[in-house]
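Please open the model in your viewer and keep the sequence beside it. The tour below goes from one selection to the next and says what is found at each stop.

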Amino acid sequence: MSTTSAKSEQLRSLIRLLADASESVIQSWEAEEATSTQEQSSEKVYLQGSPLPSKELFEARRTVVGAVGMVMDLVQEPQSRLMEICSQYYEARALHIAVEKRVADLLADADPTQGVPLLDLSHQTGIKEQKLGRVLRCLCTVHVFVEVRPDHFANSLTSKSLIGNDFLRAWIMSMGQIQYSSSNKLPEILFDPVRGQSESDLDCAFQEAAGTKLTWWEWLRQPIQNADGSTGPRPDLEIFNLAMIGGGRVFGPPLYGDYPWATLGPATVVDVGGGIGGMSLDLAKKFPNLKFVVQDRSAVISQARAVWQRELPDALESQRTQLMGHDFFAEQPVKGAEIYNLRYILHDWDDEACVRILSSIRPALVGSPNSRILVCDQVMNTTCGSPSISSAPAPLLANYGYAVRFAHMRDLNMMAEFNGRERTPEDLQTLAKRAGLQVSKIWPCRGLVWITELRILDA
């Protein structure tokens, strides 16, 4: 078959796949609209706005996005496509600027057919009119905002999600600050014959970007001197803490909906390195039979207590939830719990550190056949596929290609900040075996983060 014939056949296959998946999306939209109209309840409206779609809609969405990405690659001129890809950081920068200046909030009350004049936005943001217009048009071109008429802007369906959403705003700002700067230093580290071979969290692009010899976590928590001579917390720390809530609200619902928490009964969930216990707090509200032990550094646990007292005080008073200072590199003190939860922990660390973390928990599972470790991180698929997880329908890449761009961007972010990594099923199996554990099941979830269940080896 000639190159032209092969490309033509692939394009036809993609268009058929795109048409079928698009029809599934439309049917899901229509079903949701009909249900919402019938019930007319505020709860139902909220659920329709939730980031957790039906399984059918989730599959159709990623198929559509994956197919669109392959179509773009087929039909664009290759050199132009490469030039576009290498410049995409300017789109990211435009978004960072718009979010920091709260443009979506400034447009919130605008008539969607009239928009807000660029001159008004310039006065409110302090950015020169013609320069702000160019930033916003960069984002309008990828449908983040809408230019409804010349020099008049309004929110799109996408930018509306930013209105009043300080947690999502913080997530984007966090990516636009030191993490963005770290990406700029990544080539320098990778090309270095010594640091490029290192797995240490002290040999990362982050250290170059921040001009520090500290790890990311040490730097983030290091007090700084203010202009008036006083010392206080680094501003990045507050933004990062808010960002983690924002990310949890996007990535969390699939973890709650696609693992059988309700079948565990009165089980104990030990939230290892759980921060203020955000995931446990959500689970505690949804599954009243579950009990929780939230573990982290003592300073973080002090912050957690205030949050739980405000959000769910009964859980502390009844001792349904315990807050415990603990270093996850030390042996786990709570023995025989049903669940040891590691959410967003392993991806921060290299393999040696991960084996130490898992090995510190393993003794707590011994003699308790119902005990397991849940690893809540991305489960990466290669473009060739893995025998442990399902592949995308042909002719898409096995990992759905364009639909998982963000997963691979996050993986590089882990590399730049900590020398951490997102892992494939095979990577996770290797870590588990080294720690005397085995992967008993991978739970695909309707989102970026999945759940990998580990148990005692040959238990």
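**A tour by selection**

Begin with R102, which sits in the loop between α5 and α6. In this predicted model, R102 has a positive phi of about 55°, although it is not a glycine. Is R102 buried or exposed? With a relative accessibility of 34%, R102 counts as partly exposed, because that class lies between the limits of 20% and 50%.

Keep R102 selected and add A98, V99, V103, A104, D105, F145, L162 and R169, which together with R102 line the largest cavity. The volume of this cavity is about 70 Å³, and the count of cavities of 30 Å³ or more comes to four. Colouring the lining of the largest cavity by class gives six nonpolar residues, three charged ones and no polar ones. Next, show the helices α5 (89-100) and α6 (103-106), each of which supplies at least two residues of that lining; the largest share, three residues, comes from α6.

Move on to Q319, whose place is in the loop between α16 (313-317) and β8 (321-325). Q319 also is not a glycine, yet has a positive phi, of about 65°. Its relative accessibility is 60%, so Q319 counts as exposed, the limit for that class being over 50%.

For the last stop, select A394 and P395 and display the backbone between them: the peptide bond from A394 to P395 is cis, with omega near 5°. To place this bond in the fold, show β10 (372-377) and α18 (405-418), since P395 is found in the loop between these two elements.

Note on methods: Residues numbered from 1 in each chain as written. Predicted model: local features only at pLDDT ≥ 70, side-chain atom pairs only at ≥ 80, totals over all residues. Heavy atoms only, no water. 1 Å grid on protein atoms, 1.4 Å probe; cavity = no way out; pocket = protein on both sides within 12 Å on 5 of 7 lines; lining within 4 Å. Points joined across faces, edges and corners; volume = space filled by probe spheres on them. Helix = DSSP H or I, 4+ residues; strand = E, 2+ residues; numbered from the N terminus. Nonpolar A, V, L, I, M, F, W, Y, C, P; charged D, E, K, R; others polar. Buried < 20%, exposed > 50% of the residue type's maximum accessible area, 1.4 Å probe, protein only.
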